[in-house]
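Reader: I am new to this structure and should be grateful for a close look at a single part of it. Would you please take the salt bridges as the subject and explain how they are placed?

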Amino acid sequence: MVKFVPANELKIIISFTRVYLMEQLIQSLKDGKMTLLEVPFPALQSGSLLVRNHFSVISAGTEGKTVKDARLGYIGKARARQDEVKKVIRSAKTTGIMNTYRMVMNKLDAPSPLGYCCAGEVLEVAADVTGFKKGDLVACGGNGANHAEVVCIQKNLCVKLPETVDISHAAFATLGAIAMQGIRQADLRLGENCMVIGLGLIGQMTLQMLAASGVKAIGVDVDPVQVERAIKNGSVHSYHRNSEGLLPAVEMLTNGYGVDAVIITAGTSSTDPVDFAGEVCRQKGKVVIVGAVPTGFKRTNYFRKELELKMSCSYGPGRYDSDYEDKGYDYPYGYVRWTENRNMEAFVELVSSGKINMGPLITHQYAFADALQAYDLIMQKNESYSGIVLKYDVQRPVKSRVDIKDSVMIPGQTPVAGFIGAGSFAQNVLLPAVGKQARMKGVATARPANARNIADKYGFEFCTGDANEVLNDTTINTIFIATRHDSHARYVMEGLKHGKNVFVEKPLCLTAEELDLIRDLYIESGKNLMVGFNRRFSPLVKTLNAAIRQLGTVPVSINYRINAGVLPPGHWIHDPETGGGRIIGEVCHFIDLAAHLSGSPVASVSAMTMTDVNHQNDTVAINLSFTNGSIANISYFSNGNKEVSKEFLEVFFGGQVGILDDFNKLTIIGKKKTEQKVSGQDKGHQQEVTEFLNAISEGKKSPIPFGEQYNSMLATFKVLESIAENGSRISI
């Protein structure tokens, strides 16, 4: 029977679900202060998964040191990072004290995320990822596996979890992989024996893994609580380092031969672990270092016994390999049986089957909201701890974007700016310049804490991890692109399609095909497009160019030497897919400046590169000819010395010579000699932004005509073509 309720008695109950901003645990590098910061979701990148954390694990050793170093004063920081101090001194000599000070403080102000070990539920999967789907439970590792409510993880650093595993236990998979890789480096066989020195969390896990694999394990630590914990967890042959029964036990358990291997998982400044390992190891045994210990050890035992000393690289093969971790390329199973991903997977299987019991090792669990208490425990060391877990409120609805302040239109402020990407260059150079002249609307970066820090610091109205939020915002009329090179063309084209004025850091794109697509879109859009060819805006270059132009269209001869310095082979700019190489990524700058000073487009290119075992093409001699008869030699060398100035430019014109030394000093020699100096360096970054934004405000075209930008980029691509053809002259 249906009961009808009179209208005047009808009560309507409306339930509101509050949506919270996502939080991430961060630390200030300046003073060590930690906080839960409200941040946007990380960007879902190619080859990755977006994961809602259920649990994350604090690595007391690694993170404890990070937190401790951050809490040091400036002098303490300098002592702890002496290599960084040397870089700062070199920068001060080149760019000036104030510029260097601003860069250092900018880095110290940036929030630093913590954590590299977590587990949770997949929220979203990139289109190019297979084997995972929304709703899967996964364990995650690596630099992105932070203490945050939502993380973005590359697929090779994720493993799917079976239903039988406790997700709080599976969250230890990254640390488990570290322990497992140490055992693999020891190359132990069934029935052999192994000593583990250092019974912190990884040491305890190592003992359990050794037992599960049929290896007799002996544990040693200076902390009696850790020794007792190991014994309670089933590792009965565990001893205090100073125990009188330790050496007799080793002799008895190894039949007097010594242990087959020692795995050092301790973290200490003492050489005792390595020295003691040499003492207890058998003839031709192995010593594997997993923890942070010094290696300035006593030679005697290692020499007499011909011991093998090995380092274990973190989670296993694939670690620190950008092709594996960032691009998702796997190693062939038949050739590299145990990668970092497969180590994580094996750990999860051991936990799921009950062969490893993480329960007794989890000594503390905190709600994520109380995360700071966990770090107080580590720093104060008031009580013993092993596994420390943060638990997340997964029922809490979280918002993907952070709106910081309401939109307020400022009369006369025509440019409304959005940023896509904001790394160190953007923070040190572009953002301060743009912030003086434009309304700062939205910023999108891949890293959540970085996005929020930049939004707060430079007055953006919102921050996000999704570039589409910036592109689709109809109030934004100008976007600045400061991402890695491989995404420049895509965001330039999307910006033009969305009717935005576009400023993009060099290079404009990575291929000639992209260049032509951009040209067509630029013509169709009617918007301004400018590449960050800043050197033509330097005040010293403007003075030199004015002197040349006084003579009309006289041809000039240019000699431009760039002491570029070496970059390691693994640097991202060398990657043809990501950075495009140093010719596309950097030499385009110098080609553009030469064309600007000649007053004419590049007509032909010839280039030769020095033989390089790494095939980087970063020591190259380039010859350019221009349509007005000018010529230029560009010598881009990576095999020099940093004590020599980076850029040295000579321009010969009409009986005069202009000499520009590293954008600090300009000398023009003719009937008389004039000199002009600037404080520090001024490569034109501020001026290029000013002129670009003024052009937008005044309804004018970009200060660099698109035809000149197109020609400079096309000439850059022709350099590579000439190199491939053994220095052939290529017409443009």
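Author: A salt bridge is here a side-chain nitrogen of Lys or Arg within 4 Å of a carboxyl oxygen of Asp or Glu. In general terms, side chains of opposite charge can pair when their charged atoms come close. The model is a predicted one, in which local features need pLDDT of at least 70 and side-chain atom pairs count only at pLDDT 80 or more, while totals for chains, interfaces and linings use all residues. Residues are numbered from 1 along each chain as its sequence is written, and side-chain values use heavy atoms, with hydrogens and water left out.

A search of the whole structure finds 32 salt bridges. One of them joins the side chains of Asp-516 and Arg-519, at 3.5 Å from N to O. Both residues belong to helix H19 (residues 512-525), and because they are three residues apart there, about one helical turn separates them. Helices (H or I, at least four residues) and strands (E, at least two) are DSSP runs, numbered from the N terminus. Asp-516 is partly exposed, with 29% relative accessibility, and Arg-519 is likewise partly exposed at 29%. In these terms, buried means under 20% relative accessible area, exposed means over 50%, and partly exposed lies in between (1.4 Å probe, protein chains only).

Arg-536 offers a second case. Its side chain meets that of Asp-592 in a salt bridge of 3.0 Å, N to O. Arg-536 lies in the loop between strand S25 (529-531) and helix H20 (539-549), whereas Asp-592 lies in helix H21 (residues 582-598), so this pair ties together parts that are 56 residues apart in sequence. Arg-536 is buried, at a relative accessible area of 7%, and Asp-592 is buried too, at 2% relative accessibility.

Arg-536 also takes part in a salt bridge with Glu-708, whose side chain meets that of the arginine at 2.9 Å, N to O. Since Glu-708 lies in helix H23 (residues 706-724) and Arg-536 in the loop between S25 and H20, the pair ties together parts that are 172 residues apart in sequence. Glu-708 is partly exposed, with a relative accessible area of 34%.

Elsewhere, salt bridges that share partners join Asp-323, Lys-327, Asp-575 and Glu-577 into one network.
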